[in-house]
Amino acid sequence: MLEIYKWILFIYILMSWLPNIAGSSIGLLFARVCEPFLAPFRKIIPPIGGVIDMSPVIAFLALWFAQVGISSLAGRFG
């Protein structure tokens, strides 16, 4: 499930570079799914130079740590 969310997040980030797609119905759907997850990271990490948003990188790291933790727990108890 986390793998699917990582792909959705990745596609959403790519779509943010293309304003026509980001404003489409699929772009708005992806925003509704991804923005609640990205918002806390954006509050903590300001854009570099006011332009480059590094919060998706930290968000991907958080998802990776979550995936590793869940896999570790599943290996112990599963």
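1. The expected span of a helix is 1.5 Å times one less than its number of residues. Keep that rule at hand for helix α4. This is a predicted model, so every remark below concerns a prediction.

2. Start with helix α4, which covers residues 55-77. It has 23 residues, so at 1.5 Å a residue it should span 33 Å. Its end C-alpha atoms are 33 Å apart. The expected span and the model agree.

3. Now take the whole chain. It holds 4 helices and 0 strands. In sequence order the pattern reads α-α-α-α. The radius of gyration is 14 Å, well over the 12 Å that the globule rule gives for 78 residues, so the chain is more spread out than a compact globule. Along the principal axes, the C-alpha trace spans about 45 × 30 × 15 Å.

4. Next, surface and interior. About 5700 Å² of the chain is exposed. Carbon and sulfur atoms supply 75% of that area. Of the 78 residues, 21% are buried.

5. How much of the contact count comes from residues 24 or more positions apart? Among contacts with a separation of 6 or more, such pairs account for 45%.

6. Look at the largest nonpolar core. It has 12 residues in all. Y5, L9, Y12, I13 and M15 are among them. So are F30, A31, C34, L38 and F41. A59 and L63 complete the set. Which elements give two or more residues to this core? They are α1, α3 and α4.

7. Return to α4 and its buried residues. These are S55, P56, A59 and L63. Their cover includes α1 (2-15) and α3 (25-44). A59 and L63 also belong to the largest nonpolar core.

8. L63 deserves a look in the viewer. Set aside residues up to four places away in sequence. L63 then touches L2, Y5, K6, L9 and F37. Two of these partners, Y5 and L9, are listed with L63 in the largest nonpolar core.

9. Is K6 buried or exposed? This residue is found in helix α1. Buried means under 20% relative accessible area. K6 has 15%, so K6 is buried.

10. What does K6 contact, leaving aside its neighbours within four places in sequence? The partners are F60, L63 and Q67. Find K6 in α1, then follow its contact to L63, a buried residue of α4.

Terms used: Residues are numbered from 1 along each chain as its sequence is written. This is a predicted model: local features need pLDDT of at least 70, side-chain atom pairs count only at pLDDT 80 or more; totals for chains, interfaces and linings use all residues. Side-chain values use heavy atoms; hydrogens and water are left out. The radius of gyration is taken over C-alpha atoms; the globule rule is 2.2 Å times the number of residues to the power 0.38. Buried means under 20% relative accessible area, exposed over 50%, partly exposed in between (1.4 Å probe, protein chains only). Contact means heavy atoms within 4.5 Å. Accessible areas come from the Shrake-Rupley method with a 1.4 Å probe; for residues, only the protein chains shown count as cover. A nonpolar core is a set of buried Ala, Val, Leu, Ile, Met, Phe, Trp, Tyr and Cys residues joined through side-chain atoms within 4.5 Å.
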